[in-house]
Amino acid sequence: DFELFGEIYFQAGDIAEDVTGDEIDLGGFALRIGAMWTAQGGTFSVGGMIDLRTGDGDTVGGSDDTVDSFIGYESINDLLILEDQYFGVDWDTNIFAIKFLGELPLQIKAKNDLVLSAILGFCRTAEDVQFASGEDALGNELDVRARWSITKQASLVAAIGLLFGSDVLEESMGGSL
């Protein structure tokens with residue numbers, strides 16, 4: 001009832017040419033490690049994970065011919081505001097996040113047809129974001145979800161996400177009022 005998981009990806013090669021015709025090299029990586037524990041009989045689950053997708057620490061206009069960012073890792077929708085591609089910011093690269101999660105399956109009509117879940121993420125950029133005055137605080141996010149499986153083919157999902165302490169997003173939208 002204890003699960004360990006991990007993924008690692010590397011990107012390397014030529015990504016483009018600069019204005020002088022010199023090749024710009026790509027060299028980034030992404031990492032996800034974590035653990036999940038499910039109680040006897042599947043009554044609830046708790047776990048945690050670490051996500052890292054590299055960013056490029058160069059300043060804007062630097063003379064470096066290497067991009068150190070991991071260029072996008074789609075379909076990570078753990079956090080509703082920061083990572084979700086439909087409802088959120090869809091932040092795909094330059095992130096370091098520690099996430100804690102839990103699930104509580106319940107029964108309405110059939111076994112485990114209602115699942116309540118929560119995730120708490122502590123997120124920073126892997127490298128300071130230049131457009132936001134060198135900020136690195138993506139913020140802390142708490143999401144709560146309820147998924148009701150009406151049939152095998154249809155589910156009804158309700159979710160709420162709260163993001164707080166995101167200096168990067170605040171600065172990118174013009175700063176505080």
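This is a short tour of a predicted model, going from the overall fold to the salt bridges and then to two surface patches.

**Whole chain.** Start with the cartoon of all 177 residues, of which 29% count as buried. The secondary structure consists of eight strands and one helix, and along the sequence the order is β-β-β-β-β-β-β-β-α. Take contacts between residues at least 6 apart in sequence: 53% of these join residues at least 24 apart. Switch to a surface view, and the accessible area comes to about 10,500 Å², with 58% of that belonging to carbon and sulfur atoms.

**Salt bridges.** The structure has six salt bridges. Select Arg 32 and Asp 51 to begin; their side chains form a salt bridge with an N to O distance of 2.6 Å. Arg 32 sits in strand S2 (residues 23-38) and Asp 51 in strand S3, so this pair ties together parts of the chain 19 residues apart in sequence. Arg 32 and Asp 51 are buried.

Next, select Lys 99 with Asp 78. The closest N and O atoms of this salt bridge are 3.0 Å apart. Asp 78 belongs to the loop between strand S4 (66-67) and S5, while Lys 99 is in strand S5, so the bridge joins parts 21 residues apart in sequence. Are Asp 78 and Lys 99 buried or exposed? Both are buried.

Keep Lys 99 selected and add Glu 83. These two also form a salt bridge, again with 3.0 Å between the closest N and O atoms. Glu 83 lies in the loop between S4 and S5, 16 residues from Lys 99 in strand S5. Glu 83 is buried, as is Lys 99. Now add Arg 53 to the selection: Arg 32, Asp 51, Arg 53, Asp 78, Glu 83 and Lys 99 are linked in a network of salt bridges.

**Nonpolar patch.** Return to the surface and select Phe 2, Leu 4, Trp 37, Phe 44, Val 46, Leu 104, Leu 106 and Leu 116. Together they form a nonpolar patch with about 720 Å² of accessible area. S1 and strand S5 (95-106) are the elements that give two or more residues to the patch. Look at Val 46, in strand S3 (residues 45-53): its relative accessibility is 39%, so Val 46 counts as partly exposed.

**Negative patch.** Finally, select Asp 14, Glu 17, Asp 22 and Glu 23, which form a negative patch on the surface. Asp 14 is part of strand S1 (residues 2-17). With a relative accessible area of 55%, Asp 14 is exposed.

Methods
Residues are numbered from 1 along each chain as its sequence is written. This is a predicted model: local features need pLDDT of at least 70, side-chain atom pairs count only at pLDDT 80 or more; totals for chains, interfaces and linings use all residues. Side-chain values use heavy atoms; hydrogens and water are left out. Patches are made of residues with over 30% relative accessible area and no salt bridge: like charges are joined within 9 Å, nonpolar side chains (Val, Leu, Ile, Met, Phe, Trp, Tyr) within 5 Å. Accessible areas come from the Shrake-Rupley method with a 1.4 Å probe; for residues, only the protein chains shown count as cover. A salt bridge is a side-chain nitrogen of Lys or Arg within 4 Å of a carboxyl oxygen of Asp or Glu. Lys and Arg count as positive and Asp and Glu as negative; His and the chain ends are not counted. The place of a charge is taken as NZ of Lys, CZ of Arg, CG of Asp or CD of Glu. Helices (H or I, at least four residues) and strands (E, at least two) are DSSP runs, numbered from the N terminus. Buried means under 20% relative accessible area, exposed over 50%, partly exposed in between (1.4 Å probe, protein chains only). Contact means heavy atoms within 4.5 Å.
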